[in-house]
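Reader: Before I take the labels on this model at face value, I would like to go through them with you and ask what stands behind each one. Could we look at it together?

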Amino acid sequence: MTVASVAKLAFKSIMLNKSRSFLTMLGVIIGVGSVVLLTSIGTGLQAYVTDQFASLGSNILYVVPGNPFGENGGFGGEQAMIESTRPILKRSYFNQVLRNNRDLIKDGTVTAINVAEAKYGKETKKVTLYSIMSSYETVYSSPAEKGRWFTDAEEEKAERVVLLGKKIAEELFGQVDPVNKRVLLNGQGYTVLGVLGEKGGGFGGPSFDNYVYMPLETSFKYFDTELVDSFIFEVRDKEQIKESTLAIEKTMSKYLDEDEFTVFDQTQLLTTINSILGMLTVGLGGIAAISLVVGGIGIMNIMLVAVTERTREIGLRKALGATPNLILLQFLIEAALLSVLGGLIGLLIAYLGSLALQPYFPAKVTLEAVILAFGVSTVVGLVFGVAPARRAAKLSPIEALRYE
Amino acid sequence: MLLELKHVSKTYEIGDTVIRALDEISLGVAEKEFVAIMGPSGSGKSTFLQVASMLAEPSSGEIFLSGQEVSSYNEIQRAHLRNKQIGFVFQSFNLLARTSALENVMLPLFYAGYGADSSEAREKAKVMLERVGLGNRLNNTPAQLSGGQQQRVAIARALINDPTIIFADEPTGNLDSKSGEDIKQILRELNQEGKTIIMVTHEDDVAAIAKRQIVFRDGKVLSDSAVHHKSSTTSKAKKQKGRS
């Protein structure tokens, strides 16, 4: 008697009991599907954020007031909030850093953030004003998609010009081409020079596409504040990030105390954010593990019930000449077929689910999750499909036949 | 002797009490015999059937089938023996649910080494079902068959591997009298064709179709006697005996 012929028998048995077979598979489907889908959300999130940072360039150094990383390496904190409202950083320090370190630092910009009410026609929007120097274009590789960037001269002369992020341009102007139109910011007229290409940005947080970009001096002049948010420096060589950090710190310490400012690069920022995202992935993984356990218990349950129901069948098969090994082989093949088929359906559902999420969320199905979920469900399916059958196959035919 | 039991006992332990279901039974059944096993419930008649048919192991004693000592067989040997040499007819039919009559009859062939889809096995099963008068019910599942029809499927299944002995446990016990008559008739015919049948029953009229009646009581044989039939049946049986 060949395995193939027992496999045929097992397949027939599955097809003859469709509802029982489906219920057995359901546990595997739910287990595999939820684990793969949930972990795809976690890893997708992490990959997305990493990509976002990479697209911003990894040869960038930031100088911010205070210590945003706090003592424990966490981001934010009360002290950082207080520090950032005091005008500590000054444009003159920035210029000095550039002058002193031409060999290491290619370029840079000072940034400042304000809020304003933007108005064009009937459309009014609260917007974030991102005030920068014209060098921002190259440092952050943000060319104008339409129109042009403001020049150094326009910035230094505090001309009333702005560039718009792609999204805010659409929101304010709709189908109209904003270039050379006048937009009102807090009631004062500004000429739109251009619209920036799409940059993306955090989930629900501020997005570069929602900013209105304004020359730094213009914001100093018309928004009545000299508050600087940060300095951004573009380092000539990625390998010299460390030296550049030290060089900037050296120049800065001429003006400020050591604890009044922080120089950091993106890897530091990325590490912090990744540690948060890592927690998120672990959390989602935990939820996934629970679904796997629940799915596994589901599989165990239905398999146990099925075998109890089938003990009489096992007795009959034994009476008619089936050896215990043949019975086991049949149940093993049945359990394997159901587990594998259920696993594949679960994977398909998870894959379709991640595709459905794609427009809103960068879900990413990983091989590890697939292997883990598939492996665990299959093993649980096999063990709990076969273990009760083993017990039943050991009964004498007459005991099994009388089983209720 | 086709089947011979020597000092066979079967004991069960339920808690602290030991129940002696079979107590030193010794008896023989010759080829082509039709034996009815009778007795009140608890007399050991069902246990006798289980032990003699290799469904259960004796606690002590020896069993010989066609001169071969089979009581010491291991699990696998017993399975093969049940498959090839013994046919079962149960009171509750014991057909596989949701499975066609044809596939039910094919089941012992599968365990005898035929492929699950063997056309030869299919043909054999079909012939056997025609023989019990169910040639037009091949693809019906048990739920679509009457009790009598289900028992006929079970008889076809018992016969499919051409066994040496057929064991029947209250074969008419779950049937109405009309269906019961049909089953009795089939069993009688099978015996006339030369099959050895050992049947447990507590109904006198069913026992009456056998040629020999063994009555059990308290795990022992109370009586063992020949049955006198109407002359026609006896002469027919004699004729067949003469032919073989």
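Reader: How do you know which order the strands take in the open sheet of 4 strands in chain B?

Author: This is a predicted model, and in it the open sheet of 4 strands in chain B has the order β2-β1-β4-β5, with antiparallel pairing. One of the pairings is that of strand β1 (residues 3–14) with strand β4 (residues 60–65) of chain B, which run antiparallel and are joined by 5 bridges. Two strands pair if at least two bridges are found between them, so 5 bridges satisfy that condition for β1(B) and β4(B). Within this pairing, B:Leu3 stands opposite B:Leu65 of β4(B).

Reader: What makes β2 and β5 of chain B edge strands?

Author: Each of them, β2 (17–29) and β5 (68–69) of chain B, pairs on one side only.

Reader: Why is B:His7 called exposed?

Author: B:His7 lies in strand β1 of chain B, and the label rests on a count: a residue is exposed if 12 or fewer other C-beta atoms lie within 10 Å of its own. B:His7 has 12 C-beta neighbours inside 10 Å, and therefore counts as exposed. Its phi is near 50 degrees, a positive value in a residue other than glycine. As background, most residues other than glycine have a negative phi.

Reader: What makes B:Arg98 partly exposed?

Author: B:Arg98, found in the loop between β6 and α3 (101–111) of chain B, has 14 C-beta neighbours inside 10 Å. The class in between begins above 12 and ends below 20 such neighbours, so B:Arg98 counts as partly exposed. B:Arg98 also has a positive phi, of about 55 degrees, although it is not a glycine.

Reader: And why does A:Leu367 count as exposed?

Author: A:Leu367 is found in helix α12 of chain A, and with 7 C-beta neighbours inside 10 Å it counts as exposed, because the class takes in 12 or fewer. A:Leu367 and A:Ser40 are 327 residues apart in sequence, while their C-alpha atoms are 9.8 Å apart in space.

Reader: How do you know that the buried residues of α7 in chain A line one face of the helix?

Author: In helix α7 (residues 166–173) of chain A, the residues A:Ile168, A:Ala169 and A:Leu172 are buried. Seen down the axis of α7(A), the buried residues fall within an arc of 105 degrees, so they line one face of the helix. Among the elements that cover them are β2 (105–120), β3 (123–132) and β5 (161–164) of chain A. Just after α7(A), A:Gly174 takes a positive phi of about 60 degrees.

Reader: Which way do the residues of strand β6 in chain B point?

Author: From strand β6 (residues 86–89) of chain B, B:Ile86 and B:Phe88 point one way, B:Gly87 and B:Val89 point the other way, and all are buried. Strand β6(B) runs parallel to strand β7 (residues 165–169) of chain B, to which 4 bridges join it; in β7(B), B:Ile166 is the bridge partner of B:Gly87.

Reader: Which residues have the most contacts inside the largest nonpolar core?

Author: The largest nonpolar core has 120 residues, and those with the most contacts inside it are B:Ile37, B:Val105 and B:Ile198. Helix α12 (residues 367–394) of chain A gives the most to this core, with 11 residues. Leaving aside neighbours within four places in sequence, the contacts of B:Ile198 include B:Val29, B:Val35, B:Ile37 and B:Leu49. Apart from this core lies another, of 55 residues, among them A:Val63 and A:Tyr140.

Reader: How many residues of each chain are in contact across the two chains?

Author: On the side of chain A, 21 residues are in contact with 23 residues of chain B. The elements of chain A that give two or more residues to its side are α1 (3–16), α10 (266–319), α11 (324–357) and α13 (397–402), and the largest share, 5 residues, comes from α1(A). The residues on the side of chain A that touches chain B divide into 12 nonpolar, 5 polar and 4 charged.

Reader: Where in chain A is confidence lowest, and where highest?

Author: Chain A averages a pLDDT of 84, and 92% of the residues score at least 70. Confidence in chain A is lowest in helix α3 (residues 78–84), at a mean of 54, and highest in β5(A), at 94. Where pLDDT is low, the predicted coordinates should not be read in detail.

Key: Residues are numbered from 1 along each chain as its sequence is written. Chains are lettered from A and ligands numbered from 1 in the order in which they are written. This is a predicted model: local features need pLDDT of at least 70, side-chain atom pairs count only at pLDDT 80 or more; totals for chains, interfaces and linings use all residues. Two residues are in contact if their C-beta atoms, placed from the backbone, lie within 7 Å. Ala, Val, Leu, Ile, Met, Phe, Trp, Tyr, Cys and Pro count as nonpolar, Asp, Glu, Lys and Arg as charged, and the others, Gly among them, as polar. The arc is that of the directions from the helix axis to the C-beta atoms. A nonpolar core is a set of buried Ala, Val, Leu, Ile, Met, Phe, Trp, Tyr and Cys residues joined through C-beta atoms within 7 Å. pLDDT is the predictor's confidence in each residue, from 0 to 100.
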